[in-house]
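Me: Please take a close look at one part of this model. Set it against the whole chain before you go into detail.

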Amino acid sequence: MDFSKLMEQAMKMQDKLNENKEALSKKEFTVEANGAIKLVFTGDYKLKELNIDKDVLSDKEMLEEMLKNAINQGLEKVKKANDDSNNNLASNVDISSLLK
């Protein structure tokens, strides 16, 4: 086993992970709830935009429920994109060549 090759591959992998992370942080994921709420998340799990229609402000419980659901949907979208990106990167790694 060649440890220098192993370290070189690990560094390349880390670089690719950082590139993926940077690219994902620039992507936006939008979620809407009943046309009354719109949330925009970035790929690094930050809420970038929040729009609430004034017509739903009068019903506190409904607004809270819609916000909770929209936030969870948005976070799930971001998580899936991150998981897919990392899985795609991992599937391109040939570990067998490192063990020779």
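**From the whole chain to the hairpin**

Reply: The accessible surface of the protein comes to about 7400 Å², and 52% of that belongs to carbon and sulfur atoms. Areas come from the Shrake-Rupley method with a 1.4 Å probe; for residues, only the protein chains shown count as cover. This is a predicted model: local features need pLDDT of at least 70, side-chain atom pairs count only at pLDDT 80 or more, and totals for chains, interfaces and linings use all residues. Residues are numbered from 1 along each chain as its sequence is written, and side-chain values use heavy atoms, with hydrogens and water left out.

Now the overall shape. The C-alpha atoms fill a box of roughly 65 × 20 × 15 Å along the principal axes. The radius of gyration is 20 Å, where a compact globule of 100 residues would have one near 13 Å. That radius is taken over C-alpha atoms, and the globule rule is 2.2 Å times the number of residues to the power 0.38. Buried residues (under 20% relative accessible area, 1.4 Å probe, protein chains only) make up 22% of the 100 residues. Of the contacts (heavy atoms within 4.5 Å) between residues at least 6 apart in sequence, 50% join residues at least 24 apart.

Next, the fold. The protein has two helices and three strands, in the order α-β-β-β-α. Helices (H or I, at least four residues) and strands (E, at least two) are DSSP runs, numbered from the N terminus.

The part to look at closely is the hairpin. Strand β2 (residues 37-42) and strand β3 (residues 47-52) run antiparallel, joined by five bridges. Two strands pair if DSSP finds at least two bridges between them. Phe-41 has Leu-47 in β3 as its bridge partner. Four residues lie between the two strands of the hairpin. Tyr-45 in this hairpin takes a positive phi near 65°.

After the hairpin comes helix α2, residues 60-91, which holds Gln-73. Glu-64 is in helix α2 as well. Glu-64 counts as partly exposed (20% to 50% relative accessible area) because its relative accessibility is 42%. Gln-73 is also partly exposed, because its relative accessible area is 45%.

Two C-alpha distances place these helix residues against earlier parts of the chain. Gln-73 and Thr-30 are 43 residues apart along the chain, with C-alpha atoms separated by 9.3 Å. Glu-64 and Phe-29 are 35 residues apart, with C-alpha atoms separated by 20 Å.
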